[in-house]
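Hi,

Here is the structure I promised to hand over. Have a look at it first, and my notes follow underneath.

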Amino acid sequence: MIKGEKFFKPDRLPTIWCPGCGNGIVLHAALETLEEMDCSKKDVVCVSGIGCSSRSGTYTQFDQVHTLHGRAIPFATAIKLSRPEKKVIVFTGDGDASAIGGNHLIHAARRNVDITVIVFNNSIYGMTGGQVSPLTAQYKKGTTARFGNYENQFDLMRLVIGAGATYAARTGSYYFKHMKKYMNKAFSRKGFSLIEVITQCPVYYGRLNGISDPYKMMLQQKDILLTKEKYEALSEEDRSSRLMMGEFIEDNTQYSYIEKREQLLKKVRES
Ligand code: SF4
């Protein structure tokens, strides 16, 4: 049995994911990390919205809620409030998290809710046919941007840090060890954490943007995702097609949502 497999549901195979899709790599990293952390099936609840990556929780042995498009975070918040002993993990895509669910995302970060949000950023809406999302880079193509996307994109790290996130990191499906390291930190801590994983959708994003070989797409991450030093050494123009990777914030000094609630309840009881 490979590491993490004990949390996988084999009767759900085959997955709905296309051959070469990066979603399985991200899920594998999460399951492996949870096994290394000695978690049991009872310790974790997975919550997801709609989209290819949002199917992740359904392939696990954990309790899981597959909710409405963009609404995973409010469900996750409610679960955490009622069962604070659980690790609550949201599996979501770039569209689900930053477009339809964008408002929920910023307010969960602001509240420092004790959940981990893993954003599978494949730069496109895969399940619904290849539309561009708020995380699609400028000039990249989607089925709603045949000649290239002329909208500005969100920088998810800056967005959630600006909203109040206390842990945020970005990596890629090519960087398995980084994913696990960040997941370990995120799953172990209190407060809001978000990990953005750049991942490959060879079928829509790849095909529309002239690189449909999943292996080549993964290798391309070495050129797109750069360390802070390398990224900052680039010209403004060169930065537009690249992203900084690594940990962007790790602040363990703030009280989390659950802690603040406990403090308030204590005050009320004492008054
Ligand atoms: S459409 Fe893209 S993201 Fe969705 S399963 Fe296929 S390769 Fe993966």
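Before anything else, keep in mind that this is a predicted model. I'll begin with one helix and the strands beneath that name, then go through the ligand, the empty spaces and two backbone oddities.

**Helix and sheet**

Helix α5, residues 156–163, lies across four strands: β4, β5 (167–172), β6 and β9. Its direction makes an angle of about 170 degrees with β5.

Those strands belong to an open sheet of seven, and the order across it is β2-β1-β3-β4-β6-β5-β9, with mixed pairing. At the edges you'll find β2 (63–66) and β9 (246–250); each has a single partner strand, so one side of each has no neighbour in the sheet. On average, neighbouring strands here are turned by 15 degrees against each other, if direction is ignored.

If you want one pair to look at, take β4 (residues 116–121) and β6 (residues 193–198): they run parallel and are joined by six bridges. In that pair, T116 of β4 sits opposite S193 in β6.

**Around the ligand**

Which residues surround the ligand? They are W17, C18, C21, C52, N122, G126, C201, P202 and Y204. By class, that shell has seven nonpolar residues, two polar ones and no charged ones.

**The largest pocket**

This one has a volume of about 960 Å³. Its lining takes in 38 residues, and those nearest the centre are Q153, S240, S241, R242 and L243. Two or more lining residues come from each of α5, β6, α8 (214–224), α10 (236–239) and β8 (243–244). The largest share is that of α8, with five residues. So far as classes go, the lining of this pocket splits into 15 nonpolar, 14 polar and nine charged residues.

**Closed cavities**

How many cavities of 30 Å³ or more are there? The count is two.

- The largest cavity holds about 160 Å³ of space. It is lined by 18 residues, with G51, C52, I124, Y125 and G126 closest to its centre. Helix α3 (residues 94–100) gives the largest share of that lining, three residues. The classes there are six nonpolar, 10 polar and two charged. C52 and G126 also appear in the list of residues around the ligand.
- The second largest cavity holds about 40 Å³. Its lining is made of G70, A72, I73, V90, T92, D96, A97 and G101. The elements giving two or more of these residues are α2 (72–82), β3 (87–93) and α3. Four of the lining residues are nonpolar, three polar and one charged.

**Backbone oddities**

Most residues other than glycine have a negative phi, and most peptide bonds are trans. Two places here go against that pattern.

The peptide bond between L13 and P14 is cis, with omega at about 0 degrees. P14 is found in the segment before α1 (23–36).

The other place is N112, a residue other than glycine whose phi is positive, near 60 degrees. N112 belongs to the loop between α4 (102–111) and β4, and β4 is one of the strands that α5 lies across.

Over to you!

Terms used: Residues numbered from 1 in each chain as written. Predicted model: local features only at pLDDT ≥ 70, side-chain atom pairs only at ≥ 80, totals over all residues. Heavy atoms only, no water. Pairing = 2+ DSSP bridges. Axes fitted to C-alpha atoms, helices over the stretch in contact; angles between N-to-C directions. Contact = heavy atoms within 4.5 Å. Near = heavy atom within 4 Å. Nonpolar A, V, L, I, M, F, W, Y, C, P; charged D, E, K, R; others polar. 1 Å grid on protein atoms, 1.4 Å probe; cavity = no way out; pocket = protein on both sides within 12 Å on 5 of 7 lines; lining within 4 Å. Points joined across faces, edges and corners; volume = space filled by probe spheres on them.
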